[in-house]
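These are my notebook entries on what I looked up in this structure, written in the order in which I went through the elements and the chains.

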Amino acid sequence: MASGKARVPVIEGWFTTDEDRPQLLGSRCRSCGARFFPKTGACRNPECGRGEIEEVALSRTGRVWSFTDNRYQPPPPYVASDPFEPYAIAAVELADERMVVLGQLVPGTDVAALGVGAEMELALGTLYEDDEREYLVWKWRPTGA
Amino acid sequence: MPETDRQVAILGVGMHPWGKWGRSFVEYGTSAARAALDDAGLRWSDVQFVSGADTIRNGYPGYVAGATFAQALGWSGARVSSCYSACASGATAIDIARARILAGLCDVALVVGADTTPKGFFAPVGGDRPEDPDWLRFRLLGATNPTYFGLYARRRMELYGATERDFARVKVKNSRQGAANPNARYHKAVSEDEVLASPVVASPLRLLDICATSDGGAAVVLSSMDFARSRRPRPVKIAAVSTVTPRYPNTVIEMPNFATDSSAGVAPPDRPFRDSITHAAYQEAGIGPDDLDLAEVYDLSTALELDWYENIGLCKAGEAERLLNDGDTALGGRIPVNASGGLACFGEAVPAQAIAQVCELTWQLRGEADGRQVEGAKVGVTVNQGLFGHGSSVVVMR
């Protein structure tokens, strides 16, 4: 924000851009209640498969299923910083949905202090930037950090 | 029908050695096909059906691999199919050929897969494709294949107390076993310390924990049991092929997905996806894991090999490290795993790999696996998993 650049989501419709309390946007089946992320055009519960789909905001919090990091620059279409900065990735099981969702960890997260079951919350972070804009994506951070 | 009526014979197997040769995948595939035909004592003109396992990396010819190999071997009028199931493509191609033989539509089928790979991480197909989850996971997360392997490995450590040294011992075992395999890419026996000194790629996994990407080709010649009788007494047989998909809700994060299914409304299946892959093959073959003499599992990472021990029923969850450290899964042990050297010694040549696993079991069951022979092997299983939900397992019997 200090850069004065416009902050825009890197992809439309996947998450809300509330800076303090962002949420992932998924799908909910009006018939069976199944929830999906990312959004789906039709219910994928094989016992249902017929319900109307509506947009739903998903739990902001969850617990760590596992975590890792990336020490080497991935190939495109990832837009890497120059010089490349390694980043960590967590798989977090959402509290209500019991659905594991991947996300980068907020830079500076103490990965050594993480463990399976640690409480996490959703945050917004910069995925990359160009001269005019910062492109935002959802990230995970330890709750209260 | 009784299980024996669903068997097909493996008349011939062949491979082009794995490496980073930088030549066309067509060359590797035709070389492997010719080797398999020679091994079967058949000519190309005897083949009635060609089943190609596709590669997405080598332009249009890769998407129509069956026809590409048929043209390279010389148009013969043989019927053809091509299929893509990511890493599981080879097993799918075998299954298509097997089904055609069992349906009585042909006697002799050739199955071929080959790949030429670039250096470094596997990357999605190029262009701007925001509808493709494989493209999006790189774009939005920077989630490479080793990212997923790292997640599984870390979870093993957290749940079962696995250590980086346990992972290193898988590499040590496989590097010893593959050292004498002429088709392997790497022949050097690696020490625990060498693994632990290699750089971290996706913690806790290091460079030597993660399989490389390779060039290579593999082929098998399959036939009906009737046709085989006059050619090869007591041939090695395929007793089952499993190509199962997951059941909803799939609660394990899989490449290239961002999320699992939700298990809030519907309970997860009793048998998770990876467990279900060989289970379906065992049921079809009428065997269980206790009947196995050896297994070839998809060791994309060292830690993943340990997961497979449990997924294929060699031991209970959390016991794989003990199995490894007791030597049970090494050559000479109770149930040798990856006697070929596995992906640790081969690196991955995607559409060829599941076929290569079957080649190895065939040589083992014939007693022709020089320098890595599992003595008296009669029953083996392969297991593998392809991106986007492709199970792959083949039961091979003497």
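In which order do the nine strands of the open sheet in chain B lie? I looked at a predicted model, in which local features need pLDDT of at least 70 and side-chain atom pairs count only at pLDDT 80 or more, while totals for chains, interfaces and linings use all residues. Residues are numbered from 1 along each chain as its sequence is written, and chains are lettered from A and ligands numbered from 1 in the order in which they are written.

Entry 1, the sheet. I read the order as 3-2-4-7-1-8-11-10-9 in chain B, with mixed pairing. Strand 3 (79-83) and strand 9 (294-296) of chain B are the edge strands, each pairing on one side only. I took the average turn between neighbouring strands of this sheet, direction ignored, as 25 degrees. For the terms, I kept to DSSP runs numbered from the N terminus, with helices as H or I of at least four residues and strands as E of at least two, and I counted two strands as paired if DSSP finds at least two bridges between them.

Entry 2, strand 2 of chain B. I found that five of the five residues of strand 2 (residues 49-53) of chain B are buried, so this strand is largely enclosed by the rest of the structure; a residue is buried if 20 or more other C-beta atoms, placed from the backbone, lie within 10 Å of its own. Phe49(B), Ser51(B) and Ala53(B) point one way from the strand, whereas Val50(B) and Gly52(B) point the other way, and all are buried. On one side I followed five bridges to strand 3 of chain B, which runs parallel to strand 2, and there Val80(B) is the bridge partner of Val50(B). I also followed five bridges from strand 2 to strand 4 of chain B, again in the parallel sense, where Ala109(B) in strand 4 stands opposite Phe49(B).

Entry 3, elsewhere in the sheet. Strand 8 (residues 236-242) and strand 11 (residues 390-397) of chain B run antiparallel and are joined by five bridges, and I noted Val241(B) opposite Val394(B) in strand 11. Helix 1 (residues 25-40) of chain B lies across strand 1 (8-19), strand 4 (108-115) and strand 7 (215-223) of chain B, at about 140 degrees to strand 1; axes here are lines fitted to C-alpha atoms, for helices over the stretch in contact, and angles run from 0 to 180 degrees between N-to-C directions.

Entry 4, chain B as a whole. I counted 14 helices and 11 strands, and 60% of the 398 residues are buried. The radius of gyration of chain B, taken over C-alpha atoms, is 20 Å, which agrees with the value near 21 Å for a compact globule of 398 residues, the globule rule being 2.2 Å times the number of residues to the power 0.38.

Entry 5, chain A and its partner. Chain A has zero helices and nine strands, and 37% of its 145 residues are buried. I found 38 residues of chain A in contact with 34 residues of chain B, contact meaning C-beta atoms, placed from the backbone, within 7 Å. The largest share of the side of chain A that touches chain B, six residues, comes from strand 5 of chain A.

Methods. Contact = placed C-beta atoms within 7 Å. Buried ≥ 20, exposed ≤ 12 C-beta atoms within 10 Å, placed from the backbone.
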